[in-house]
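Colleague: I have just opened this model and would like to understand how its parts fit together. Could you walk me through it?

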Number of protein chains: 2
Amino acid sequence: MASTIKVNLPQQSYDIAIAPGGLDRLGESMAGLKLGKKVLLVSNPTVFQHYGQRAIASLQTAGFEVVSCILPDGENYKTLESLQKIYDVAVENRLERSSTMVALGGGVIGDMTGFAAATWLRGINFVQVPTTLLAMVDAAIGGKTGVNHPQGKNLIGAFHQPGLVLIDPEVLQTLPVREFRAGMAEVIKYGVIWDAQLFAELEASQHLDAMGDMKSELIDSILVRSCQAKADVVSKDEKEAGLRAILNYGHTIGHAVESLTGYTQVLHGEAVAIGMVAAGHIAVELGMWTQQETERQNALIEKAGLPTKLPVGLDIEATIEALQIDKKVKAGKVRFVLPTQIGVVKVTDQVPSDTIRQVLRGM
Amino acid sequence: MASTIKVNLPQQSYDIAIAPGGLDRLGESMAGLKLGKKVLLVSNPTVFQHYGQRAIASLQTAGFEVVSCILPDGENYKTLESLQKIYDVAVENRLERSSTMVALGGGVIGDMTGFAAATWLRGINFVQVPTTLLAMVDAAIGGKTGVNHPQGKNLIGAFHQPGLVLIDPEVLQTLPVREFRAGMAEVIKYGVIWDAQLFAELEASQHLDAMGDMKSELIDSILVRSCQAKADVVSKDEKEAGLRAILNYGHTIGHAVESLTGYTQVLHGEAVAIGMVAAGHIAVELGMWTQQETERQNALIEKAGLPTKLPVGLDIEATIEALQIDKKVKAGKVRFVLPTQIGVVKVTDQVPSDTIRQVLRGM
């Protein structure tokens, strides 16, 4: 079933179109956006092999001139060097201010393409065609773009809103199961921070760890309710002046875990799952959340086949140290998002290091 | 005499403070801007040797913690690689969202520091302390930031407004005369595109080619009227949707000349001077401007000791080709800013290649 969710922003509003088979209508969907003729499609080898030609055919049918840039897959390649490759293709093909970059891929491709679009000629058009669950419900929405610094994730970036986010749920059929589960971490996050109804629907499902075992109504609900949650929060706080920080639930510890494991061992969604478990324990320790609700959260995380323990051998002191490099640090204080009940969270920088240490040691 | 010019923008307004001896009050001037404690000062070796310690002392007295990053001097170093060095210092010193990058130098330092500030943690505070005439009257004002691509100038960048532009005219005393003259090109530009009164004052002066030979009232007027012109235009069109394009007068051919000479042989201001001469001839060829006024313009350019001829050996066809890579290209058409009278210009993309070729051959 096709749904459209509007992201309302002061400067620019845009649609998230959720439509089975939508990939073949990409060109058509972009035709109404008053874009120039040139399109630079950015993808990775795996996704391009599955869906590249269909995307290009659809764009060409709609009259766009398409060039493409295929970048290696994985968080390890979300670097200034990969960005340089996008710029090189842009200069070779003379992309203009009216031209458009299209990201066909997961969060890594989306973040890099968005940052390239934000900074090419000081900002050109940009369309997101997310192909992973994680990118569909999170990374592709909200205009956060960027690349990693060797010492920290997403340290280099910009806010740059897409003109359209096109979600074709059918492409999830080729998504590896581990990637699907990683996306479920962000879905569970929306349940905990914003949407108790979504949380209840997830609890009601027998399976959360493989799309084939889940009802199609649930997949619809997961996409629509998660995108709506993200759109609601981003519409209220585009540049993360306040409310938007709640989307970082699970990300404080999560980013540190990713950073210390070199962005390869642990997927972003897996790190967020670990981070949510940690944040839940911290909230319980601080008397903000009940033991019973944190267990309900952890049960969902387990049902989704996601990790609830720290990676074996992770250095806890180095993890605490790594928190200091996160973007969310203010005046040296680490900000945490902590639940107070299912669907409600609070942002605080009043978490003693000893509490963090104790919780991490218990995991 | 101290003057303050306000740049009024929808999202953020800021002051251009023109104050002799202002460098020693940098920290004080920043104290009212609600900035975090950490400051990353970016400069080049020459400027840092002259003014670095005074800037740092002033910042420290006002309570800021200062670290610095010294980058090699020159347009050739305005690259992603230099940017990477700023990021490295930022990560080492844990710059936060409330931290500030201060650019102490000319346009190259200002553009790179601004872009680093625009993209570090998706945007942190930024203060411009321009030390060249060109940066004072042009580059430091208006929020255009960025680096060069090997195949084109400023192709990678962002709009990011400073919180303050602090201009201390006394630092011009150590500016090499060739750099001073290069800055005069942009001053003359304001006379031609916007401020006939400024043009008249420049005509009235016996010398324009060395600060020591010019009246201090004229220097004041040059700084205040140029900054005011830039502030007026930028306030009306922050993101270059329309009017702001007039600031590119002389820059269409100018950028091509810089690009083809590898950004080393010809200074930006010198290239703009050549570009203004070319644009003037084109305007005359197209019947838009009088021969007499273009000669008055060229006389000022000569009086400022600036070039009015193409660099010896420049490939004219390559120059015309290079125009196509400029940011100002739209649907393959090159945009020119052409004068219609002193103080008034028009933007057009209706310049036949043959006219450009003929004018360049005549130079």
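The questions and answers below go from the domains of one chain to the meeting of two chains.

Colleague: Glad to start! Which residues make up domain 1 and domain 2 of chain A?
Modeller: Keep in mind that this is a predicted model. The domain assignment splits chain A into two domains. Domain 1 covers 3-174, and domain 2 covers 177-361.

Colleague: How many residues of each domain are in contact with the other?
Modeller: The C-alpha centres of domain 1 and domain 2 of chain A are 25 Å apart. Contact is judged on heavy atoms within 4.5 Å. By that rule, domain 1 of chain A gives 33 residues and domain 2 of chain A gives 35 residues.

Colleague: Which three residues supply more than any other three of the area that domain 1 of chain A buries against domain 2 of chain A?
Modeller: Between them, domain 1 and domain 2 of chain A bury about 2900 Å², with 66% coming from carbon and sulfur atoms. On the side of domain 1 of chain A, three residues supply 21% of the buried area, and they are A:Leu133, A:Val137 and A:Lys153.

Colleague: With which residue does A:Lys153 form a salt bridge?
Modeller: Two salt bridges are found across the interface of domain 1 and domain 2 of chain A. The rule asks for a side-chain nitrogen of Lys or Arg within 4 Å of a carboxyl oxygen of Asp or Glu. For A:Lys153 the closest N and O atoms are 3.3 Å apart, and the partner is A:Glu258.

Colleague: How do the residues on the side of domain 1 of chain A that touches domain 2 of chain A divide into nonpolar, polar and charged?
Modeller: Seven residue pairs are in polar contact between domain 1 and domain 2 of chain A. Elements giving two or more residues to that side of domain 1 include helix H5 (133-139) and strand E8 (152-159) of chain A. By class, the residues of that side are 16 nonpolar, 12 polar and five charged.

Colleague: Now to the two chains: what kind of axis relates the two copies?
Modeller: Chain B superposes on chain A after a rotation of 180 degrees, with 0.0 Å of shift along the axis and an RMSD of 0.0 Å. The two copies are therefore related as by a two-fold rotation axis.

Colleague: Which residue of chain B comes closest to the rotation axis?
Modeller: The distance is taken at the C-alpha atom. At 4.0 Å from the axis, the residue of chain B that comes closest is B:Leu80.

Colleague: Why can we say that the copies meet through the same surface?
Modeller: The contact takes 36 residues from chain B and 36 residues from chain A. The copies meet through the same surface because the share of interface residues of chain B that are also interface residues in chain A is 100%.

Colleague: Which residue of chain B meets A:Arg94 in a salt bridge?
Modeller: Chain B and chain A bury about 3300 Å² between them, and 53% of it is on carbon and sulfur atoms. Two salt bridges are counted between these chains. In the one with A:Arg94, N and O are 2.8 Å apart, and the partner is B:Glu321.

Colleague: How many charged residues are on the side of chain B that touches chain A?
Modeller: There are 10 residue pairs in polar contact across the interface of chain B and chain A. Helix H3 (80-92) of chain B is among the elements that give two or more residues to that side. Its residues include 14 nonpolar and 10 polar ones, and the number of charged residues is 12.

Definitions and conventions. Residues are numbered from 1 along each chain as its sequence is written. Chains are lettered from A and ligands numbered from 1 in the order in which they are written. This is a predicted model: local features need pLDDT of at least 70, side-chain atom pairs count only at pLDDT 80 or more; totals for chains, interfaces and linings use all residues. Side-chain values use heavy atoms; hydrogens and water are left out. Domain bounds come from an automatic or database domain assignment. Buried area is the accessible area (1.4 Å probe) that two parts lose on being put together, summed over both. A polar contact is a pair of N or O atoms within 3.5 Å; within protein, one must be able to donate a hydrogen and the other to accept it, and residues adjacent in sequence count only if both atoms are side-chain atoms. Helices (H or I, at least four residues) and strands (E, at least two) are DSSP runs, numbered from the N terminus. Ala, Val, Leu, Ile, Met, Phe, Trp, Tyr, Cys and Pro count as nonpolar, Asp, Glu, Lys and Arg as charged, and the others, Gly among them, as polar. Copies are superposed by least squares on the C-alpha atoms of residues with pLDDT of at least 70 in both.
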